[in-house]
Amino acid sequence: MGTEGIGPNGLGPAGLGAAAMGAAALPPRPAALLCVWLLLGSSWGPGPPGVGAVPRPTATYVLDAGSGLGRQFDGIGAVSGGGATSRLLVNYQEPYRSQILDYLFKPNFGASLHILKVEIGGDGQSTDGTEPSHMHYENDENYFRGYEWWLMKEAKKRNPQIKLIGLPWTFPAWIGKGENWPYDYPHVTAYYIISWILGAKQYHDLDIDYIGIWNERAFNSKYIKLLRYTLDKHGLQQVRIVASDRLWEPISFVLLLDSELHDVVDVIGAHYPGTKTVPNALLTQKKLWSSEDYSTFNDEVGAGCWARILNQNYVNGNMTSTIAWNLVASYYEDLPFGRCGLMTAQEPWSGHYKVEAPIWITAHTTQFTQPGWSYLQVDGHLEGGGSFVALTDGLGNLTIIIETMTHNHSQCIRPPLPHYNVSPQRATFYLRGSFYLVETLQVWYSRLDFESANSILFKQLQPLDVWRGSFSIDLDVDEVYTLTTLKTGRKCSCPEPPPPQPFPSNYKDDFNIRNPPFSEAPNFADQTGVFEYFINGSDPGDHVFTLRQVVVQRPITWVSDADQTISIIGNFHWVNLTVTCDIYIEKQDDGGVFIAGRVDNGGIYVRRTKGVFFWVYADGTYRVTGDLAGEEVLMKGLSGVRANAWHTLTLNIQGASASGLLNGYPLWENVTISKPSNGWAAIGTRSFEFAQFDNFHVEAS
């Protein structure tokens with residue numbers, strides 16, 4: 001008993017050891033869970049009896065696969081997209097980009113994710129930006145746009161067993177034939193999705209494992225059935241359908257009523273379920289997933305949220321997969337939901353990234369389980385608060401993950417978390433059946449520190465000896481333990497990345513690249529519309545390689561996209577800046593483009609964006625506005641600009657004053673700017689229209 005104390009000075013793990021002789025002598029019981037709520041007194045403490053020892057309540061738990069297994073485990077994953085959350089990742093230089101990818105996907109290294117879920121780009125705003133479609137127009141196919149193809153290949157390169165999921169948030173306009181709805185012509189929508197799956201295989205040798213319907217929007221039974229039929233027709237029987245990536249209802253109820261739909265849906269995916277399911281979902285006997293969860297700032301509280309739901313989504317809700325939004329916070333932090341990724345990589349210009357605590361919380365599960373393992377049938381609630389899950393591969397291996405996250409230290413962004421209590425406790429586990437032969441368990445430990453930010457993350461402790469099929473563990477609050485027969489766990493000791501640096505204050509891009517590795521220029525973050533590298537074959541030479549806005553119809557939207565297109569770049573905290581760019585209006589008569597500074601918004605809030613916008617129009621006029629919508633007019637007049645000709649715009653903002661130049665000559669000046677006080681630089685167009693940009697330059701002070 002003397003070997004089973006709390007850690008010295010209360011630091012580190014509370015204590016591990018073989019079960020006390022008296023506890024181990026208890027006879028085995030047939031029930032899956034034994035709750036013997038005792039006070040053991042001071043003999044468990046580090047000092048003499050009665051001195052410095054804290055009595056801990058104890059409970060016992062039995063783990064036995066002999067009475068049958070629980071549900072099959074489907075894996076832990078994360079979302080890239082929904083949207084543009086990996087936008088800046090692709091611009092990192094080596095070796096930093098590969099290091100980030102290793103932390104996410106490499107087995108037994110970091111997060112070691114089992115699942116990668118990506119957005120099927122649809123040209124519309126899907127939270128933090130737009131992602132380009134593989135079919136902007138009905139007669140257009142291009143399977144090299146964006147970065148999700150690249151990301152899936154990098155994930156597969158590191159883990160060939162990783163599961164891939166595709167899900168649309170938005171759709172290009174031609175799908176709806178003028179309506180903001182993808183289901184009026186279900187055969188068209190099915191063709192579009194199937195094309196993406198086939199393109200993944202044909203051009204990238206990627207096998208898509210699961211396909212979704214429409215993120216967090218209405219599902220359509222006729223479409224889902226047609227999608228299944230079309231998948232089978234194209235030899236894609238292995239692709240499974242997840243529905244409906246929204247709430248448990250009404251999809252669960254409809255599946256119970258419609259046997260044909262029940263036959264074609266493989267997984268019910270709910271978002272932010274709060275670790276709970278509903279009776280109808282259980283009645284379907286389908287796989288239940290939390291197909292989007294977390295979405296929380298990635299500090300210690302975010303890690304606590306993630307630790308709690310990774311366990312309790314199964315313990316409370318029978319969910320066999322939990323997928324985090326988002327994979328990596330690789331978007332400008334001042335966009336909505338900044339740093340809501342498992343790690344942060346938002347500075348490709350400096351190479352800086354940060355392996356946040358949620359990465360190591362993920363590792364507690366992912367490094368010691370695999371899809372295809374099974375949960376044990378056991379009530380995973382700890383008597384003193386917190387939870388545990390136990391999984392086996394059916395070959396004798398056993399992994400137990402324990403979490404004791406307190407309420408205030410584990411609140412996710414949604415839904416609200418009802419109050420509960422967690423207290424220090426002792427847990428005694430009895431291993432029965434085939435697990436009785438286990439003699440040693442490897443131990444990995446995390447403790448989230450909310451006082452001194454001195455958390456212990458994914459630390460390997462001394463192995464735990466199992467004595468006569470039992471062991472005890474002292475648990476303090478805000479801890480995570482993994483106890484496992486597997487010896488493959490690893491915490492990477494990689495070199496530190498470069499220190500953080502702000503976005504360069506003097507930044508230029510002439511877009512002169514013949515074979516760009518990606519379709520979008522570095523660091524530009526499209527918020528409405530899509531801006532792509534373009535080869536202007538008709539140009540005599542000065543503007544052969546340009547950046548072109550290519551979305552010419554408002555897409556089927558997921559949120560309220562702006563009526564104008566816009567791509568932001570730079571440092572949100574810029575105050576004084578000069579933006580210069582060559583522009584080319586392609587739309588006759590009512591076309592128009594802008595350059596802007598102090599742009600204060602984007603993402604799902606793009607319609608309310610303020611800033612200083614310098615517009616020129618094909619009818620020969622110009623305007624200066626204080627907003628993207630163009631409603632707050634600060635100055636207007638004649639410019640002489642026409643379509644199908646190159647012009648150079650310059651916007652200078654200093655303090656409370658702004659001025660503009662056209663082709664190097666003053667066009668307007670001394671416009672008073674009251675707000676916003678800071679923001680990004682930006683380019684864009686008056687409407688969904690073709691337009692080109694070249695020789696972009698921003699200088700901030």
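**Exercise 1. Work out which residues the UniProt annotation "active site" covers and how they are arranged in this predicted model.**

Step 1. The annotation, which comes from an unreviewed UniProt entry, covers Glu216 and Glu292. Although these positions are spread over 77 residues of sequence, they cluster in space, with a largest C-alpha distance of 9.9 Å.

Step 2. Placing each residue in the secondary structure, one finds Glu216 in the loop between β8 (210–211) and α5 (221–233), whereas Glu292 lies in strand β11, which runs over residues 287–294.

**Exercise 2. Decide whether Glu216 and Glu292 are buried or exposed.**

Step 1. The cut-off needed here is that a residue counts as buried when its relative accessible area is under 20%.

Step 2. Glu216 has a relative accessibility of 19% and therefore counts as buried. Glu292, at 6% relative accessibility, counts as buried too.

**Exercise 3. Describe the surroundings of Glu216 and Glu292, leaving out residues up to four places away in sequence.**

Step 1. Glu216 touches Ser244, Asp245, Arg246, His271, Tyr272 and Trp558, and it also touches Glu292.

Step 2. For Glu292, the residues touched include Trp169, Asn215, Ala270, Ile323 and Trp325, and also among them are Glu216, His271 and Tyr272.

Step 3. His271 and Tyr272 thus appear in the contacts of Glu216 and again in those of Glu292. With Tyr272, the side chain of Glu292 forms a polar contact of 2.6 Å.

**Exercise 4. Identify which residues touch the most other members of the largest nonpolar core, and examine the contacts of Leu116.**

Step 1. The largest nonpolar core has 178 residues, of which Phe105, Leu116, Ile211, Ile224, Leu227 and Phe696 touch the most other members. A second, separate core holds 28 residues, including Ile400, Ala427, Leu431 and Tyr481.

Step 2. Once its neighbours within four places in sequence are set aside, Leu116 is in contact with residues including Phe105, Leu151, Met152, Ile162 and Leu327.

**Exercise 5. Characterise residues 375–489.**

Step 1. According to an unreviewed UniProt entry, residues 375–489 carry the annotation "domain: Glycosyl hydrolase family 59 central".

Step 2. Over this stretch the chain is 0% helix and 44% strand, and its end C-alpha atoms are 20 Å apart.

**Exercise 6. Establish where pLDDT stays under 50.**

Step 1. For the protein chain, the mean pLDDT is 93, and 92% of the residues reach 70 or more.

Step 2. The value nevertheless stays under 50 over residues 1–15, for which the model has 42 contacts beyond four places in sequence, and over residues 17–53, for which it has 74 such contacts.

Step 3. Where pLDDT is low, predicted coordinates should not be read in detail.

Definitions and conventions. Residues numbered from 1 in each chain as written. Predicted model: local features only at pLDDT ≥ 70, side-chain atom pairs only at ≥ 80, totals over all residues. Heavy atoms only, no water. UniProt positions renumbered as here; feature names shortened; annotations may be inferred. Helix = DSSP H or I, 4+ residues; strand = E, 2+ residues; numbered from the N terminus. Buried < 20%, exposed > 50% of the residue type's maximum accessible area, 1.4 Å probe, protein only. Contact = heavy atoms within 4.5 Å. Polar contact = N/O pair within 3.5 Å; in protein donor to acceptor, adjacent residues only side chain to side chain. Core = buried A, V, L, I, M, F, W, Y, C linked by side-chain atoms within 4.5 Å. pLDDT = per-residue confidence, 0-100.
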